[in-house]
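I opened my notebook to go through this structure one item at a time. My plan was to look up the cysteines, then the charged pairs, then a few side chains.

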Amino acid sequence: MPMILSTPLLSEPSFLSYARVLTLSILFRASLQRGCVLHRKENLSRRFLLFVLVSSGLSPTLPSSGKTKSKNPYDEKRLLEQNKRRQKENNAPEDFPNFIREGFEVKVVTSEDYRKSDSGLIYRDYEVGKGDCPKAGQQVTFHYIGYNESGRRIDSTYLQGAPARIRMGTNAVVPGFEEGIRAMRPGGKRRIIIPPELGPPVGPSTFFSSKQFEVFDIELLSIQNCQRRTIAFYSDVVCN
């Protein structure tokens, strides 16, 4: 009948467990055929000894093949303060959201006034505006200021001296931007935080080399209806 090795009780002296292990190891070595190669015999003996040690709860401590990186509880605080310092240097707005970035993992820190849509877009309305929201095919006229995660201004129609115009539903802007302006009303002012999955493509053919969040302050000025006009062989879209 086979012997089942179990973990020794706490009251059993430890030297009895080691004696049992040594006895089993000696019996196993004696049962090997004399014609086996010496190094094969040693390998089998070591494997059996390791199996007995593990089964009896006396497994040795094996050296670790790699170091486990322990997470510093102050890393998040340090990264937050670092982001705040950069935003201050870039003269970002006082209520600008913070970004705790470590590699590709980013945590967005905002006030309770912000909301998050199902797509991942984060937004806050400063002024709601009046009238209807824009629909696909309509043209919207708006001002905007664009920022990166460090609060540095990357673009502004105010500085350009003229508002921007796009037709909704024509993929004229990145998905996050169109989603944010689609729910606005004329006269409304909104800040949107666009996650990378709703932002522009990245790569050598674009100005964007990494997946980052983008922040836009948008002021929707007006909405115009558009219609297609065809004259002879020429066709265009006119918005009133």
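**Entry 1: the disulfide.** I count two cysteines as a disulfide when their sulfur atoms lie within 2.5 Å. A disulfide is a covalent bond between the sulfur atoms of two cysteines. I kept in mind that this is a predicted model. My search of the whole structure turned up 1 disulfide. Which cysteines form it? The partners are Cys226 and Cys239, with sulfur atoms 1.9 Å apart. The pair links distant parts of the chain: Cys226 sits in strand E10 (residues 226-231) and Cys239 in strand E11 (residues 234-239), 13 residues apart. I also looked up the handedness: the torsion about the S-S bond of Cys226 and Cys239 is about 105°, so this disulfide is right-handed. Cys226 counts as partly exposed at 22% relative accessibility, and Cys239 is partly exposed too, at 23%. While on cysteines, I noted Cys133, which is partly exposed with a relative accessible area of 23%.

**Entry 2: confidence.** I checked how far to trust the model. The mean pLDDT of the protein chain is 76, and 65% of its residues reach 70 or more. Over residues 1-41 the pLDDT is below 50, and this stretch has 31 contacts in the model beyond near neighbours in sequence. Residues 48-70 also have pLDDT below 50, with 25 contacts counted in that way.

**Entry 3: salt bridges.** How many salt bridges does a search of the whole structure find? I got 9, and I wrote down three of the pairs.

- Asp75 forms a salt bridge with Arg78, and their closest N and O atoms are 3.8 Å apart. Both residues lie in helix H3 (residues 75-89), 3 residues apart, which is about one turn of the helix. Asp75 is buried, at 15% relative accessible area, whereas Arg78 is partly exposed at 46%.
- Arg124 forms a salt bridge with Asp95, the closest N and O atoms being 3.3 Å apart. This pair links distant parts of the chain: Arg124 is in strand E4 (residues 122-127), Asp95 is in the loop between H3 and strand E1 (98-102), and they are 29 residues apart. Arg124 is buried, with a relative accessible area of 17%, while Asp95 is partly exposed at 34%.
- Glu149 forms a salt bridge with Arg101, and here the closest N and O atoms are 2.8 Å apart. Distant parts of the chain are linked again: Glu149 is in the loop between strand E5 (139-147) and strand E6 (153-156), Arg101 is in strand E1, and 48 residues separate them. Glu149 is buried at 6% relative accessible area, and Arg101 is partly exposed at 23%.

I then asked which residues are linked in a network of salt bridges. They are Asp95, Asp113, Arg124, Arg191 and Asp217.

**Entry 4: the E5-E6 hairpin.** I went back to the two strands on either side of the Glu149 loop. E5 and E6 pair in the antiparallel sense over 3 bridges. One partnership I noted is Ile145 with Ser156, the latter in E6. The two strands form a hairpin with 5 residues between them, and Gly151 in the turn has a positive phi of about 80°.

**Entry 5: Tyr144.** I stayed in strand E5 for this one, as Tyr144 is found there. Is Tyr144 buried or exposed? Its relative accessibility is 13%, and the cut-off for buried is under 20%, so Tyr144 counts as buried. The side chain of Tyr144 makes a polar contact of 2.6 Å with the side chain of Asp155. Leaving aside neighbours within four places in sequence, Tyr144 is in contact with several residues, among them Ser156, Tyr158, Phe177, Phe216 and Asp217. Thr157 is another of these contacts; the C-alpha atoms of Tyr144 and Thr157 are separated by 5.7 Å, with the residues 13 apart along the chain. Asp217 also belongs to the salt-bridge network of Entry 3.

**Entry 6: Gln224.** My last look-up was Gln224, which lies in strand E9 (residues 214-224). Gln224 counts as buried at 12% relative accessibility. A polar contact of 2.5 Å joins its side chain to that of Ser222. Beyond its neighbours within four places in sequence, Gln224 is in contact with Gln138, Gln139, Val140, Thr141, Cys239 and Asn240. That list brought me back to Entry 1, where Cys239 is one of the two disulfide partners.

Definitions and conventions:
Residues numbered from 1 in each chain as written. Heavy atoms only, no water. Salt bridge = Lys/Arg side-chain N within 4 Å of Asp/Glu carboxyl O. Helix = DSSP H or I, 4+ residues; strand = E, 2+ residues; numbered from the N terminus. Buried < 20%, exposed > 50% of the residue type's maximum accessible area, 1.4 Å probe, protein only. Pairing = 2+ DSSP bridges. Polar contact = N/O pair within 3.5 Å; in protein donor to acceptor, adjacent residues only side chain to side chain. Contact = heavy atoms within 4.5 Å. pLDDT = per-residue confidence, 0-100.
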